[in-house]
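Colleague: Could you show me how to read salt bridges and cavities in a model like the one below?

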Amino acid sequence: MLSCSKNSGGGEELPQRELSEEFKEYWFTGKAEISSYELEQSRYGETRKGNAVLIFVTEDFLKDEQVKANEKTTNTIEVLKLNSTKNFITGIYPYSIMQSSFYPLEGKSHALKVAASIQEWCGQVYMQLNNRGKYEIVSHSYFAGETDEDLSLHKVHLENEIWNQLRIDPDLLPTGEIIIIPSFEYIRLAHIEIKPHPATAEFYQDGKLSVYRITYPELKRSLKIYFKPTFPYTIEKWTEITNHDGNEYYTTANKLSTIKMDYWTKNSNKDLPLRDTLNLN
């Protein structure tokens with residue numbers, strides 16, 4: 001059931017989402033859902049083995065400062081946060097990628113904030129989007145031609161937010177012909193301009209799993225997310241396909257394990273064996 005409510009993402013009227021008891025019992029437990037994946041990452045024309053982790057958790061978010069709140073107040077909003085990480089090796093040196101997206105539970109708005117960073121031995125890059133009157137984006141990089149950027153863009157769909165939307169309710173996901181900003185990870189790894197692109201989004205079934213596919217004709221790229229069709233819509237795997245110089249390159253991630261845990265309290269050396277439960281050792 002939906003009703004009208006104000007939202008911080010520009011002040012527009014937005015439909016209020018009435019969360020089910022099933023949703024509350026799963027997500028409002030004071031624990032995060034952590035899923036590990038076996039990663040095969042395409043980079044420099046070759047497949048690299050590594051791991052990926054998706055960490056979903058609900059938290060109170062300060063609407064104005066756009067950071068995690070220490071406590072719930074009249075100035076906070078409930079969000080589903082996703083921290084996604086990738087780690088893999090290219091030759092002698094490692095890559096570490098992290099993306100964060102904060103999506104409001106209250107309605108069909110866009111993510112309130114998206115951030116991404118990539119570190120490797122050549123240097124590091126960082127991007128952040130804040131959803132205010134427009135999308136306010138800052139980007140920093142060690143590459144010539146993309147060192148320090150500060151720009152505003154009109155609000156469109158964000159690839160980074162679709163993972164959060166899917167976990168709340170797949171019906172929130174856009175379908176058909178859409179305009180969307182690709183994932184920050186892809187923008188920086190491909191060294192392309194930060195801007196929206198036309199795409200086609202659709203659902204289909206593959207055996208017992210539902211699939212959400214986004215296809216970018218201009219970029220010659222597609223993303224397929226495979227998930228269970230019933231709540232809590234767990235993400236089982238995903239595939240990214242890019243075409244360059246007539247060759248197709250695949251990045252795939254297949255789920256290894258899922259646990260629910262207040263991981264932020266498990267920071268002692270005695271907690272190291274917990275990584276075995278996620279097959280991360």
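Modeller: Let us start with one pair: R167 forms a salt bridge with E33, and their closest N and O atoms are 2.6 Å apart. A salt bridge here is a side-chain nitrogen of Lys or Arg within 4 Å of a carboxyl oxygen of Asp or Glu. The pair links distant parts of the chain, with R167 in helix α2 and E33 in strand β3 (residues 32-43), 134 residues apart; helices (H or I, at least four residues) and strands (E, at least two) are DSSP runs numbered from the N terminus. This is a predicted model, in which local features need pLDDT of at least 70 and side-chain atom pairs count only at pLDDT 80 or more, whereas totals for chains, interfaces and linings use all residues. Residues are numbered from 1 along each chain as its sequence is written, and side-chain values use heavy atoms, with hydrogens and water left out.

Colleague: Why does R167 count as buried?

Modeller: Buried means under 20% relative accessible area, exposed over 50%, and partly exposed in between, with a 1.4 Å probe and protein chains only. R167 counts as buried because its relative accessibility is 0%, and E33 is likewise classed as buried, at 2%.

Colleague: Which residue forms a salt bridge with E149?

Modeller: The partner of E149 is R188, with the closest N and O atoms 3.0 Å apart; E149 lies in strand β10 (residues 148-153) and R188 in helix α3, 39 residues apart. E149 is partly exposed because its relative accessible area is 27%, while R188 counts as buried at 4%.

Colleague: How many salt bridges does a search of the whole structure find?

Modeller: The search gives 14, and D60, K72 and E78 are linked in a network of them.

Colleague: How many cavities of 30 Å³ or more are there?

Modeller: A cavity is a set of points on a 1 Å grid over the protein atoms alone where a 1.4 Å probe fits but cannot get out, and lining residues have an atom within 4 Å of a point. Grid points are joined across faces, edges and corners, and a volume is the space filled by probe spheres set on the points. The search finds 2 such cavities, and the largest holds about 260 Å³ of space. Its lining has 20 residues, of which S84, K86, Q99, W163 and E185 are the closest to its centre, and β6 gives the most to that lining, with 5 residues.

Colleague: Which residues line the second largest cavity?

Modeller: A116, S117, I118, V125, Y126, M127, F184 and R188 line the second largest cavity, whose volume is about 30 Å³. R188 is thus met again here, having appeared above as the partner of E149.

Conventions: 1 Å grid on protein atoms, 1.4 Å probe; cavity = no way out; pocket = protein on both sides within 12 Å on 5 of 7 lines; lining within 4 Å.
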